[in-house]
Amino acid sequence: MKLNVRELVLLSLLAALLLVGQVALAFLPNIEVVSLLIIIYTLFFKKKTLYVIYLFALLEGLIYGFGTWWIMYLYVWTILWGIAMLMQKEKSPFIWAFVSGFFGLAYGTLCSVPYFIIGGVKTGLAWIASGLMFDVTHGIGNFVVALVLFQPLYLLFQKVHAQFYE
């Protein structure tokens, strides 16, 4: 997948937008726009969204350090990208809100993989159990954010994509 300079700049800006969105909402427990934006990016930029995801993860690591959580960012967001790729023909805001909400609910379980590997079954299950209430709020937050913002963001990115690739 070869990128020209315009695409490199655009994808870098999209990664920066993920970072800004994540930092701006950091004061709210598990309320985020990253999931929705990755879905929207995937619908328009397909495989190129992987560049955005990994640049976002790199930026997060540079800001917050490269811990176990950082490894999770490499595969968790890629899983969401894969789901969006499989469902890319879907246009219903409600379906995308459901996908985003379910992803938020499953986020802690998806992030438990390194703990199962490092500490075994008890550690992995403890990780899941300790974050269950946060995962519930994450799922609800993702559902509401996507339900409210999917349509306006989709329309905005239709215009951006059309102008960029004309």
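**Exercises on helices H1, H2 and H3**

In this predicted model, helices H1 and H2 are roughly antiparallel to each other, since angles over 145 degrees are counted in that way.

**Exercise 1.** Determine at what angle the axes of H1 and H2 cross, and which residues meet between these helices.

*Solution.* Begin with the axes: those of H1, residues 5–24, and H2, residues 34–45, come within 9 Å and cross at roughly 165°, and the crossing is right-handed. Next, look at the residues, where Leu10, Leu14, Leu17, Leu18 and Gln22 of H1 meet Val34, Leu37, Ile38, Tyr41 and Phe45 of H2. Sorted by class, this contact holds nine nonpolar residues and one polar residue, with no charged ones.

**Exercise 2.** Work out how H2 is oriented relative to H3, and which residues make the contact.

*Solution.* The axes of H2 and H3 lie 9 Å apart, and the helices pack at an angle of about 150°. Because angles over 145 degrees count as roughly antiparallel, H2 is roughly antiparallel to H3. On the H2 side the contact is made by Val34, Ile38, Tyr41, Thr42 and Phe45, and on the H3 side by Thr49, Val52, Ile53 and Phe56. By class, seven of these residues are nonpolar, two are polar and none is charged.

**Exercise 3.** Decide whether Lys48 counts as buried or exposed, and find which side chain it joins in a polar contact.

*Solution.* Lys48 sits in the loop between H2 and H3, the latter spanning 49–64. Its relative accessibility is 19%, and because buried means under 20%, Lys48 counts as buried. The side chains of Lys48 and Glu7 are joined by a polar contact of 2.3 Å. Leaving aside residues up to four places away in sequence, Lys48 touches Met1, Leu3, Glu7, Leu11 and Tyr165.

Notes: Residues numbered from 1 in each chain as written. Predicted model: local features only at pLDDT ≥ 70, side-chain atom pairs only at ≥ 80, totals over all residues. Heavy atoms only, no water. Axes fitted to C-alpha atoms, helices over the stretch in contact; angles between N-to-C directions. Helix = DSSP H or I, 4+ residues; strand = E, 2+ residues; numbered from the N terminus. Parallel < 35°, antiparallel > 145°, perpendicular 65-115°, else oblique. Left-handed = near helix turned anticlockwise from the far one by under 90°. Contact = heavy atoms within 4.5 Å. Nonpolar A, V, L, I, M, F, W, Y, C, P; charged D, E, K, R; others polar. Buried < 20%, exposed > 50% of the residue type's maximum accessible area, 1.4 Å probe, protein only. Polar contact = N/O pair within 3.5 Å; in protein donor to acceptor, adjacent residues only side chain to side chain.
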